[in-house]
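Please open the model in your viewer and keep the sequence panel at hand. The tour proceeds by selection, one stop after another.

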Amino acid sequence: MNFLEERLEKYVEAHTEKESPILQKLNRHTQANVLNPRMLAGHYQGRLIAMLSKMIQPEYILEIGTYTGYSAICWAEGLMSGGKVITIDVNEELQELIESYITDSGNENCIELIIGNALELIPTLDYPWDIVFLDADKENYINYFEMVIDKVKLGGYIIADNVLWSGKVLDTNADDPDTTGLIAYNKLIQNDARVENILLPVRDGLMIARKK
C-alpha cells in the first residue's frame, strides 16, 4: 500500500536532506544483497529518525530489530556526548555486515550490537532509556513495551515502526499473529494512561508514545 501518490512521495524525498555517503552505500548494499530490503528504514524515514534523535538529544537508546544497521546509525546522529545505542537482533548472519557499517560510519564506540532473543536480553539491560525503538517481530510489540516502560525516563519515548502494516490493521477479520499483534498494540497505546501518543502515517506507520 502506498500512502502517498508516487509523484508526491518523490517530491517529499527530493525536499528532504540527503543520506550521508555511508548510508547511501548501506542502502544500496541492502537493496541488492539482503532478503526483504523493504524492511530497511531508507532515506526518508532514516532522516526522520535522525531528526527525532537530534530533537530529543538522547543519552541511551534501545533498538529492538537491527536488520542491516541503517536505523541504528541514524539514531546515533543525535546522541549526547558519551551516549549509546544498544541494538538487538536475532539474525547472526547479518552481524559482520552490521558491524562493518557501524565502524565505517564512525559509530563503533556508541552503537553496541547484541545478537540474540530480545525477550531474554531486555531484562539484562539496566539503562534509563530516552528512546526505545520497536522494529522486530510484531506479535511481541506489547511484550516489549511492558518490558521497557518502567525503565523509560519520564518524558522518554517508545517509538514503534510498521504500525499500519500496509493497511492490514483495518482488517477486522485478521487472524495472523503480526496483524493481530499490531492491532492490539495500537489499541494498548491509545488507551494506556502511562503515555501520550500520536500515530504518524510515515511509510508503514510510526506510533510515537511519550511517557508521562
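The stops below cover the sheet, the aromatic pairs, the nonpolar cores and one asparagine; note that the model is a predicted one.

**The sheet**

Begin with a cartoon view and select the strands. There are 7 of them in an open sheet, in the order 3-2-1-4-5-7-6, and the pairing is mixed. Colour strand 3 and strand 6 (195-200) to mark the edges, as each pairs on one side only. From one strand to the next, the twist averages 15 degrees.

Next, select strand 1 together with strand 2 (residues 84-89). These two run parallel and are joined by 5 bridges. Within this pairing, Y60 stands opposite K84 of strand 2.

**The aromatic pairs**

Keep Y60 selected and display the aromatic side chains. The model holds 5 aromatic pairs. One of them is formed by Y60 and Y127: the ring centres lie 5.0 Å apart and the planes meet at 50 degrees, so the pair is classed as tilted. This pair links distant parts of the chain, since Y60 belongs to strand 1 (residues 60-64) while Y127 sits in the loop between helix 6 (118-121) and strand 4 (129-134), 67 residues apart.

Are these two tyrosines buried or partly exposed? Y60 has a relative accessible area of 19%, and therefore counts as buried, the limit being under 20%. Y127, at 22%, is partly exposed.

For another pair, select F145 and Y185. Their arrangement is edge-to-face, with 6.2 Å from centre to centre and 80 degrees between the planes. Here too, distant parts of the chain are linked: F145 lies in helix 7 (residues 141-148) and Y185 in helix 8, with these positions 40 residues apart in the numbering. F145 is buried, at 0% relative accessibility; Y185 is likewise buried, at 0%.

Return to Y60 and Y127 and add W129 to the selection. Ring pairs join these three residues into a cluster.

**The nonpolar cores**

Now display the buried nonpolar side chains. The largest nonpolar core comprises 32 residues, and those with the most contacts inside it are Y70, W75, V85, I111 and I159. Several elements each supply at least two residues of this core, among them helix 2 (21-33), helix 3 (42-56), helix 5 (95-104), strand 3 (111-115) and strand 7 (206-211). Helix 4 gives the most, with 6 residues.

Centre the view on V85. Which residues does V85 touch, not counting those up to four places away in sequence? They are I61, A72, W75, A76, L79, C110, I111 and E112.

A second core, separate from the first, has 31 residues and includes L62, L125, Y144 and F145. F145, already visited for its edge-to-face pairing with Y185, thus appears again at this stop.

**The last stop: N186**

Finally, select N186 in helix 8 (residues 177-191). Is the residue buried or exposed? Its relative accessibility is 13%, so N186 counts as buried. Show the polar atoms of its side chain: one of them lies 3.0 Å from the backbone oxygen of V163. To complete the view, add the residues in contact with N186 beyond its neighbours within four places in sequence, namely V163, V169, L199 and M207.

Note on methods:
Residues are numbered from 1 along each chain as its sequence is written. This is a predicted model: local features need pLDDT of at least 70, side-chain atom pairs count only at pLDDT 80 or more; totals for chains, interfaces and linings use all residues. Side-chain values use heavy atoms; hydrogens and water are left out. Helices (H or I, at least four residues) and strands (E, at least two) are DSSP runs, numbered from the N terminus. Buried means under 20% relative accessible area, exposed over 50%, partly exposed in between (1.4 Å probe, protein chains only). A polar contact is a pair of N or O atoms within 3.5 Å; within protein, one must be able to donate a hydrogen and the other to accept it, and residues adjacent in sequence count only if both atoms are side-chain atoms. Contact means heavy atoms within 4.5 Å. Rings of Phe, Tyr and Trp (its six-membered ring) pair if their centres lie within 6.5 Å; planes under 30 degrees apart count as stacked, over 60 as edge-to-face and the rest as tilted. A nonpolar core is a set of buried Ala, Val, Leu, Ile, Met, Phe, Trp, Tyr and Cys residues joined through side-chain atoms within 4.5 Å. Two strands pair if DSSP finds at least two bridges between them. Axes are lines fitted to C-alpha atoms, for helices over the stretch in contact, and angles run from 0 to 180 degrees between N-to-C directions.
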